[in-house]
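Me: Please take a close look at a single part of this structure for a reader who has not met it before. After that, kindly place that part within the whole chain.

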Amino acid sequence: MAAFSTSSSRPYHIIIFGASGFTGQFVVEEVARTASEGPKGNLKWAVAGRNRTKLEKVVEQAAGALSKPELKSEVDILVADVSDPDSLAVMCKQAVIVLSCVGPYRFFGEPVVKSCVENGTHCIDISGEPQFLERMQLNYHDQAAEKGVYIVGSCGFDSIPADMGVIYTRDQFKGTLTSIESFLTASAGTEGGCIHDGTWQSAIYGLADSNKLRSLRKKFGHKPLPVVGAKIKRRGTLFYSNELQQYAIPFMGSDPSVVKRTQRYLNEELTESPVQYGAYVGVGGISNIFKLVFAGLMFFFLVKFSFGRNLLIKFPEFFSFGFFSKEGPTRKQMEGSSFRFIFLGEGYTEGSEPNEGKPNSKIRTLVKGPEPGYVATPIAMVQAALTMLNESDSLPKTGGVYTPGATFAKTTIVDRLNKHGLNRLGFNISLVKHLLICLLEHRDSCCYVKLPYGVAVFRCFPV
């Protein structure tokens, strides 16, 4: 297995590659903020990218934002470029883990993965691009396993909250959990909010290449996952969600793909019962629906043609009603933004046969966090890296290309996220620790209990 400790030839626990990018700069700040959580309380790290001047500016900004002027002299800067394999190799050989922040990953991500595998370096990224993530698994899993290297994708908002939320909810269920639906909502403060257009570009190219994703999946030759218990009912393209008290649509991001890959791993490698999953996102009221329909029709039409894709990329604010921008959100906008996941699970209590009758028990988990793209994502990414460094014995037995759930199912990453959630900006990625049991006289009804920090759990008992 590739090492999880530094050495004279591999001096850094972490190298942040793409540190001068929009998301990368916040990952730099988060690493600097949590360096004391590294092995033996001393995380050794550096930043890397293709422009030394920009990297120096990022380190200087982090030093100012965190009131840590020493960063300017303590943080090493390495020059590496995805178009220069030799420079990537030099970088990878010096790191235990590379944090890859070089989206869109379909264009820039693979050279990093390839170099990490070849040079015995673990790699974590924050990609929300299913085609890239699944292609990396198809092309590099066997080689990574042979080298003992862990390549872990989607370790940001896409898709740690969803993937770990499903696993945690399953682990807390007293019986056999057979299905989970998640409902995502996001809110902005008085300053409003937006997303950097790098995510917009990933969506454009992802939809344009959707046929390639289908053909890619056929190459795996996977058998359908077994359906345990009642089959989950899929919602419509647009529906009113009683759970959210607003209209909702299927979630178009990577969460469904990532969760399904995790459930396949847990079923095929650990012989655990798979959980069916449906993901949805709230879109608000009627006025938002009109905007969504107009923008959606325009998007789906233009993305089919190269000139249309060029227009979408050139004018993200216009075609997304300001939801995406080339500048990205300001720090004030990020401070006022947050997200919330509701996980609603159904299953069968202990002693019940999952294949007989309808599910007889329910569970609810609420996951709350700060602005998802540039506050929650760096926290999740850095905690994933720190978990790998500090808990390598709890990772899958062999290296490979994995999802967050497959990698961290047996670790304390949830506790780590909770710790940071409670201590910073009110961030609470609260994957509930304990189910509260109803009093005996209320065992025939649904139990709803409010917990600290706005967390709530539903636990239903059979009549």
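Reply: Ser159 is located in the loop that runs between strand 6 (150–152) and helix 7; helices (H or I, at least four residues) and strands (E, at least two) are DSSP runs, numbered from the N terminus. This is a predicted model, in which local features need pLDDT of at least 70 and side-chain atom pairs count only at pLDDT 80 or more, while totals for chains, interfaces and linings use all residues. Residues are numbered from 1 along each chain as its sequence is written, and side-chain values use heavy atoms, with hydrogens and water left out.

The peptide bond between Asp158 and Ser159 is cis, with omega at about 5°. As a rule, most peptide bonds are trans, and most residues other than glycine have a negative phi.

Beyond this loop comes helix 7, which comprises residues 160–172. Its axis and that of helix 10 (residues 255–268) come within 9 Å of each other, crossing at roughly 45°. Such axes are lines fitted to C-alpha atoms, for helices over the stretch in contact, and the angles, from 0 to 180 degrees, are taken between N-to-C directions. Helix 7 and helix 10 are therefore oblique to each other, the term for angles that are not roughly parallel (under 35 degrees), roughly antiparallel (over 145) or roughly perpendicular (65 to 115). Their crossing is right-handed, that is, the near helix is turned clockwise from the far one by less than a right angle.

On the side of helix 7, the residues that meet helix 10 are Ala162, Asp163, Val166, Ile167 and Arg170. Their partners in helix 10 are Asp255, Val258, Val259, Thr262, Gln263 and Leu266; contact means heavy atoms within 4.5 Å. By class, six nonpolar, two polar and three charged residues form the contact of helix 7 with helix 10. Here Ala, Val, Leu, Ile, Met, Phe, Trp, Tyr, Cys and Pro count as nonpolar, Asp, Glu, Lys and Arg as charged, and the others, Gly among them, as polar.

After helix 10, the loop leading to strand 11 (276–284) contains Thr271. Thr271 is not a glycine, yet has a positive phi of about 50°. With a relative accessibility of 68%, Thr271 counts as exposed; exposed means over 50% relative accessible area, buried under 20%, and partly exposed in between (1.4 Å probe, protein chains only).

Elsewhere, two further features bear comparison. Phe321 also has a positive phi, of about 55°, although it is not a glycine, and is found in the loop between helix 13 (316–319) and strand 12 (324–325). Phe321 is partly exposed, at 45% relative accessible area. A cis peptide bond also runs from Gly103 to Pro104, with omega near -10°; Pro104 is in the loop between strand 4 (95–100) and helix 5 (105–118).

The chain as a whole has 17 helices and 17 strands. Its radius of gyration is 22 Å, close to the 23 Å that the globule rule gives for 463 residues, so the chain is as compact as a globular protein of that length. This radius is taken over C-alpha atoms, and the globule rule is 2.2 Å times the number of residues to the power 0.38. The C-alpha trace spans about 65 × 50 × 45 Å along its principal axes. Of the 463 residues, 55% count as buried.
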